[in-house]
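Subject: Structure handover

Hello,

I am passing on the structure below. Please look it over before reading the notes underneath.

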Amino acid sequence: MNPGTAVTRQPLLKRVNTLLRYSPGHRWYVPYLFLLPGLTLYILWMLYPLVYELYISFFDWNIMPGQVSEFVGLENYREIFADSNFWFALRNTALYALVTVIGQIVLGLAVALLVHRVIFARRVFRAIYYLPVVTSWVVVAFLFLYMFNAQAGGLINYLLVSVFHVLPEPVAWLGNPDTAWVAIDALGIWKGVGWSMVLFLAALQGIPVELYEAAAIDGADEKQQFLHITLPLIRATLLFVTVMLVIGGFNVFISVYLMTGGGPLHRTEVVLSYMYNRAFGRLRFGYGASLSYVLAAIIVTINFVQMRLFRRPTIEY
Amino acid sequence: MISANRRAYRNVNIAIFVILCVGALLAMAPMLYMVGTAFKPDAYLPEFPPQFIPEQPTLANFETALTSRNFVQAFLNSVIVAVSTSALVTTLASMMAYAFARFEFRGKRFLFYTMLVMMMIPSMMFIIPQFIVASRLQLTNKLWGLILVYVAGGMAFNCFLLRGFFEALPRELEESALMDGANHLTIFTRIVLPLSTPALSTVAVFSFLGAWDEYTWALTTLTDENVRTLPIAIANFRGVHATDWGLVFAASLTAVIPTVLLFIFFQRYFVQGLTAGAIRG
Amino acid sequence: MKAKWITILLALALLIPLGLSQAQEEVVLQFWHTYNETSPEAEMLVETLIPMFEEAHPGIRVESVPFPYGEFRQTMLTALAGGQGPDLARLDIIWSPEFADLGLLAALDEVMPDFQDYADEVFPGPLSTNTYNGHTYGLPLDTNTRVFMYNTTLYEQAGIEAPPATIDELAAQCDAIKGLGDNYYVFADGGTYGWAVLPWIWSFGGDITDPEITTASGYLNGEATVAAYEFLYEMVSSGCFSPSFIGAAEVDASTSYFTDITASILDGPWMFPIAEAQYPDFTIETALMPAGDGGSISVVGGENIAMFASTAHPEEALEFIRFTQSDEYQLAMSETGQLTVLPRLLETEYYQTHPYYGIFLRQLETARARLPHPAWTTIEEVLTDTGQLILRGEMSVQDALDAAAEEIDGILAEYAG
């Protein structure tokens, strides 16, 4: 081979190197080859739809093939701000998230602390508490629907009325908005406790025992140990759990859809069921698209705020 | 003095154990109730008092469900969809994760942060345009329409999960292989993947379960009874006027059993996967 | 060795598609409906009528696809949006205007040369539910209405001798029925949707909108409609009528009727096959809807058969439509509780001697249809919610109806433009 050409090829490659900013040892296209299959699907079904949805939100979108959609500009967004049903659904969702997140964190942490203390059968407990987490939402929604049945023989009614005598008579749980929320929240908490418990448990196991022993010698009691050692050291997990649970809380759909359908009187409507209904029930896809955007914006904002609030420097010990 | 302390310590431990048992019972009670009800005949209305163990247990509900042509078809459809989704997600997400973990490339940061932000957006936000895209591509009412969307939806989270895992792997093995002249594909398949079985199993199992249980997208795109998946078939057992809860729960149990089995066998990986994600944050 | 196995497997794999593909000359029509899979209607359709049709039309196969009623409308719309719709469907009459407005249905008066012959044969009322904007988008398949059904056991126990002829008489039954116990009711229904409240509204002399369907103000919140809702509120809140109206009852309306909890309901001809199957000892007694100031007016139900514009087999689909308008089809379905839409069949011995169709036919003489408007589904939502607000005592009748009228005016205005 002509040595001249080999020499001149090197600077060219180097320029391509710098341009593409890859680490030497491979051809420039290698990382893209690895990315391509997954990325293609991701772009086709996630990124492109997201952008397309913005486009749709500016139309009164007609879903039927071959039909024309009318351009309406910002009309859909203007309608959202005036839509009291939407804000009500948002309020419902926020309350649901608040109740279930707190419930899952408090109970999850409590159970984790308890499980952490026992050595015997720890795996079994972990498995039992985690099982609801991996069970399908459809199945558990029906289960709670059956348990909260309005009849005297419904499990919850039976326990509260005939066994513990807390209520005077059976309640039509899902026929009334306030009591329906009890059922929906209970489902949300019950299904999620195991998840946060598992994470807290792992975090607890990461705290060196010596810290507790040292604190005990210094005279700290259980409560102080908890407040000053445990909580700070699981802060990272606490943040992660909170963020994920809030995302999950706003994601609530199947339980509401199957248990109440948003009723009675649309009082148990959540943002996702509202959007779904407007789009697929009333065929207002443009409006549904703009709802999605507004909601996405709200949720992302909430998450960023959370992450800002919780961020503190990692604790060295 | 010392023995009194130790006894107190043991008593507390026993108390804790008891509390945990009670709690576990509470957590399990609904599931046990479901199992019991599946064996009740003609369970349109809850009996008074409610029975965890039916007085006249019967296998009729299971018979009805398993001999229903539509239900068996739905089960098979769910198996196909879940297995395909799991295989594709594991393959594609691990490839993407490897790219993130071991390479620098143009657009890396942009892609990373885009995927991160999009993970925060509930998947249902995409359902409208996804439906329109699927309609245009003639993919509604088909199992592939489900699989592709499920796989796409699982890319971001699993990619991050695996990326964290890959980054923690020692580079020496790969570097020495590079110096020996191996190309990256070989390194990926022969070195990195085998070392990552725990993480890969987590991804495979979680994406299987995600596809197995998914309801909303399936509900939206599938109309033909031949392509319905299990969650929809179960929901269809709910009648307009009266529901045979025994039948509903018998059907539900057949759907839950694979979940439970997977869970028992892969319990280790569940936990590992979760905590790995949490620590990476 | 390995290569041999691979070739064998490949060969087998290639044979499979060959085996699966059948002669493609056969036309398969998809017919979607809401008959429950195990119901007598579905059985008649699948086991008798479709084979009859297929025999007479070799080369055409009809696939009957059942759906639960609750999701049917949305499922159809979704499928059509995805280009996966059926050829034919049995549409509830309230959906025909909406589907026509969306451009989904084929205008039979345009694509069917002998359309007028068939149109002339059916009752004008049910036919009119197929019309929209000057064209007709289907033919009636079956019709029905609600009549007053009363429980003779409870009447006996309460000392009531005859069914009420007027709404006042119905209300007067309250003392006697409640005398049997707190958990007995004079009347029950499943909610405040159109099918439930419209007989009351109309019998009181009220209405939702003017005849041209341009405005609700003055009608929905007019004197007569207000009186109707005040009556219902009075009855439900005093315990005369079952709390099933607001979803707070332990069992649904028809079950409570069959199990001697409620003395009367309004329901359709399908109740008779149901009673036969589930409550064989029960005898349903019927009467006309109790009359109010507006008369005894019930609500017309029924279904139309429509062909979709997107069908690939219009000629074959039209053949099936013609078949549904035949004597054989109509009489066969009549046996399963589906009232015919052909006046000429009322002369037949079957109808003349039928044990219970008579009362329905009489009620049909004055029964009215729900608004034939594409936005009916949305309007009904407003109506239902308003009814719930009223019956739960959360809003006064006048206020609630005023608000509803305003909202419905808005909905109608959107379509007027």
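The notes below cover chain A, its two interfaces and some salt bridges.

This is a predicted model, in which local features need pLDDT of at least 70, side-chain atom pairs count only at pLDDT 80 or more, and totals for chains, interfaces and linings use all residues. Residues are numbered from 1 along each chain as its sequence is written, chains are lettered from A and ligands numbered from 1 in the order in which they are written, and side-chain values use heavy atoms, with hydrogens and water left out.

Chain A

Chain A has 14 helices and two strands (DSSP runs numbered from the N terminus: helices are H or I with at least four residues, strands E with at least two). Of its 317 residues, 52% count as buried (buried is under 20% relative accessible area, exposed over 50%, partly exposed in between, with a 1.4 Å probe and protein chains only). The area that chain A exposes is about 15000 Å², with 67% supplied by carbon and sulfur atoms (Shrake-Rupley method, 1.4 Å probe; for residues, only the protein chains shown count as cover).

A nonpolar surface patch is made up of Leu95(A), Leu98(A), Val99(A), Ile102(A) and Val106(A), with about 430 Å² of accessible area together. Patches take residues with over 30% relative accessible area and no salt bridge, joining like charges within 9 Å and nonpolar side chains (Val, Leu, Ile, Met, Phe, Trp, Tyr) within 5 Å. Ile102(A) belongs to helix α4 (residues 84–117) of chain A and is partly exposed at 49% relative accessible area.

Interfaces

Between chain A and chain B about 8800 Å² is buried, 79% of it from carbon and sulfur atoms (buried area is the accessible area, 1.4 Å probe, that two parts lose on being put together, summed over both). On the chain A side, Phe34(A), Trp45(A) and Tyr146(A) lose the most area to chain B, together 11% of what that side buries. The contact involves 90 residues from chain A and 98 residues from chain B (contact means heavy atoms within 4.5 Å). The rule finds zero salt bridges across this interface (a side-chain nitrogen of Lys or Arg within 4 Å of a carboxyl oxygen of Asp or Glu).

For chain A and chain C the buried area is about 1700 Å², with 50% on carbon and sulfur atoms. Met64(A), Leu265(A) and Arg282(A) lose the most area to chain C on the chain A side, together 32% of what that side buries. Here 18 residues from chain A meet 19 residues from chain C. Two salt bridges cross this interface, and Arg282(A) pairs with Glu381(C) in a salt bridge at 2.9 Å, N to O.

Salt bridges within chains

Over all chains the count is 18 salt bridges. In chain A, Arg78(A) and Glu75(A) form one, with the closest N and O atoms 3.0 Å apart. Both residues lie in helix α3 (residues 75–82) of chain A, three residues apart, about one turn of the helix. Arg78(A) is exposed at 54% relative accessibility, and Glu75(A) is partly exposed at 36%.

In chain B, Glu174(B) and Arg102(B) form a salt bridge at 2.8 Å, N to O. This pair links distant parts of the chain, with Glu174(B) in helix α7 (residues 172–179) and Arg102(B) in helix α3 (residues 69–102) of chain B, 72 residues apart. Glu174(B) is buried at 7% relative accessible area, and Arg102(B) is buried at 11%.

Regards
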